[in-house]
Amino acid sequence: MANAVLIKGGTVVTAEAETRADVLIQGEIITAVGPNLDAPAGARVLDAGGAYVIPGGIDPHTHMELPFMGTTTSEDFFTGTSAAVAGGTTTIIDFAIPNPGQSLIEAYQSWRGWAEKSVADYTFHVAVTWWNDKVREEMGVLCRDHGVNSFKHFMAYKGAIMADDEVLVNSFRRAAELGALCTVHAENGELVVQLQKQIFEAGISGPEGHPQSRPPMVEGEAAHRATRLAEALKVPLYVVHNSCIDALEAITRARLSGQIVFGEVLAQHLVIDDSVYYNKDWNTAAHYVMSPPFRSKEHQAALWRGLQAGMLQTTATDHCCFCTEQKRMGFGDFRKIPNGTGGVEDRMTVLWSHGVRTGKLSPSEFVAATSANAARIFNMYPRKGTIAVGADADVVIWDPEGTRLISKDTHHQKIDFNIYEGMTTTGVPAVTLSRGKVLWENGQLDVVRGAGKYVDRPCFAPFWQTQNTRNAHRLPVKVDR
Ligand code: URQ
Ligand code: ZN
Ligand code: ZN
């Protein structure tokens with residue numbers, strides 16, 4: 001019997017339901033889900049009594065090995081996917097980000113090469129950082145031949161990878177033709193640059209200058225603009241790392257008007273506030289420099305409500321690790337502190353502890369927010385994101401009463417600090433399986449470098465355009481004179 005695993009005695013939780021059922025895995029696939037299943041001869045039996053059996057987490061936003069702001073993230077695809085598995089995440093969606101002028105396909109191939117060392121599955125959003133006919137053509141090739149169905153646009157980072165309105169409009173229009181999804185980092189890049197200069201020239205050079213130069217309206221303006229561009233061009237939109245009320249309101253407005261807009265929230269933005277930037281220790285304050293920045297507690301409460309109300313659909317980490325020495329590249333000028341924090345290992349336990357244990361989310365809503373919705377939005381469902389016959393056997397035995405003291409001293413992430421340092425969470429992955437193989441058990445990793453596979457994500461039929469009928473009445477009208 002190809003390696004068979006029978007997970008017995010657990011409660012299976014999908015985005016739809018909680019059911020007392022056993023799960024049989026044969027090879028890389030789930031082959032049976034139901035009560036009182038028998039173990040085939042030679043099968044390994046895992047006892048899930050008292051535990052939940054959930055789909056492996058999907059983190060739709062990571063940056064392993066990213067060259068950025070004059071350095072490269074410390075986490076690579078081997079260590080990053082290992083840390084992800086230790087936290088219950090079995091698929092990451094990373095980013096291939098071409099420099100302006102660089103072929104999108106060339107960048108995509110580079111990231112594919114780097115990702116071959118992954119221990120669990122991965123796929124890529126491809127960023128559009130410039131525009132000409134070659135970009136237009138390559139977007140089509142990436143969709144047709146490489147299983148890419150989502151294109152990223154950074155509305156911030158002027159002078160580096162920022163997409164201005166010309167790039168946004170051309171790329172959104174092209175994505176609509178292809179049946180692809182557009183994602184955005186929504187901050188007004190021009191405002192950021194000018195506010196950074198104003199604050200720096202006022203004598204503020206430390207990490208506290210970072211949040212002051214990117215207040216919520218800078219994010220809200222861009223999020224709103226992105227929804228209107230997407231509406232005009234009839235393309236579905238996914239807004240990454242919403243950190244504040246202003247962005248949430250932009251998404252809510254669009255969704256309530258019938259537009260196809262999705263929102264992502266980072267686990268860290270839900271539980272960490274902007275007081276971190278006023279730590280007297282420069283290094284500690286700089287550890288939290290990421291964009292959009294951490295916000296005040298009122299924004300966190302709104303983000304939780306957005307998640308509960310279904311205005312935000314996914315959770316992610318934006319795992320983008322720069323060690324302390326790298327952060328110190330910005331000592332004396334906060335504008336030069338590499339932007340990014342870690343967390344790929346901590347997302348699910350933080351969300352269970354602060355979401356399910358506090359009654360904000362049901363176990364099914366937790367599964368939706370950590371796995372199923374990302375699978376659906378990025379067209380990997382039901383291969384990923386559920387516990388069902390025929391799905392990949394990405395499965396986590398989730399111990400709802402297990403506890404974890406989060407610390408840089410015990411995490412598996414390749415970074416010398418942890419933004420949740422000292423936080424004790426309840427709800428932990430006891431066992432993580434990736435396509436039927438146990439990679440995490442008894443607090444130990446058992447991974448194989450390169451065992452991870454690239455996940456093709458087919459484009460959607462351009463039915464998105466017909467569905468988005470708000471503008472249907474605004475068809476071109478010609479007057480015969
Ligand atoms: O902006 C992003 O998503 C990347 C460059 C990670 N850094 C960050 O501060 N969010
Ligand atoms: Zn971003
Ligand atoms: Zn990011």
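These exercises work through pockets, cavities and helix crossings in a predicted model.

The model is predicted, so local features need pLDDT of at least 70 and side-chain atom pairs count only at pLDDT 80 or more, while totals for chains, interfaces and linings use all residues. Residues are numbered from 1 along each chain as its sequence is written, and side-chain values use heavy atoms, without hydrogens and water.

**Exercise 1. Describe the largest pocket: its volume, its lining and the elements that contribute.**

Solution.
- Step 1: fix the term. On a 1 Å grid over the protein atoms alone, a pocket is an open set of points with protein on both sides within 12 Å along at least five of seven lines; a cavity is a set of points where a 1.4 Å probe fits but cannot get out; lining residues have an atom within 4 Å of a point.
- Step 2: take the volume. The largest pocket holds about 450 Å³ of space. A volume is the space filled by probe spheres set on the points, with grid points joined across faces, edges and corners.
- Step 3: find the lining. It has 27 residues, and Phe68, Met69, Tyr157, Ala160 and Ile161 lie nearest the centre.
- Step 4: assign elements. β9 (67-68), α2 (104-115) and α5 (189-201) each give two or more residues. Helices (H or I, at least four residues) and strands (E, at least two) are DSSP runs, numbered from the N terminus.
- Step 5: sort by class. The lining has 16 nonpolar, 7 polar and 4 charged residues. Ala, Val, Leu, Ile, Met, Phe, Trp, Tyr, Cys and Pro count as nonpolar; Asp, Glu, Lys and Arg as charged; the others, Gly among them, as polar.

**Exercise 2. State which strand gives the largest share of the lining of the second largest pocket.**

Solution.
- Step 1: this pocket has about 210 Å³ of space.
- Step 2: its lining includes Glu28, Val119, Lys437, Val438 and Leu439.
- Step 3: strand β20 (residues 437-441) gives the largest share, 3 residues.
- Step 4: the classes are 5 nonpolar, 1 polar and 4 charged.

**Exercise 3. Count the cavities of 30 Å³ or more, then describe the largest and the second largest.**

Solution.
- Step 1: there are 3 such cavities.
- Step 2: the largest has a volume of about 140 Å³. Of its 17 lining residues, His63, Phe68, Phe154, Tyr157 and Asp318 are closest to the centre. The lining has 8 nonpolar, 7 polar and 2 charged residues.
- Step 3: the second largest has a volume of about 40 Å³. Among its lining residues are Pro55, Ile58, Arg383, Lys384 and Asp394. Its classes are 2 nonpolar, 5 polar and 4 charged.

**Exercise 4. Classify the crossing of α4 and α7 by angle and hand.**

Solution.
- Step 1: the axes of α4 (residues 165-178) and α7 (residues 216-233) come within 9 Å and cross at roughly 45°. Axes are lines fitted to C-alpha atoms, for helices over the stretch in contact, and angles run from 0 to 180 degrees between N-to-C directions.
- Step 2: α4 and α7 are therefore oblique to each other. Under 35 degrees would be roughly parallel, over 145 roughly antiparallel, 65 to 115 roughly perpendicular; the rest is oblique.
- Step 3: the crossing of α4 and α7 is right-handed, meaning that the near helix is turned clockwise from the far one by less than a right angle.
- Step 4: the contact (heavy atoms within 4.5 Å) includes Leu168 and Phe172 of α4 and Leu229 and Leu233 of α7. By class, the contact has 8 nonpolar, no polar and 3 charged residues.

Notes: Chains lettered and ligands numbered in written order.
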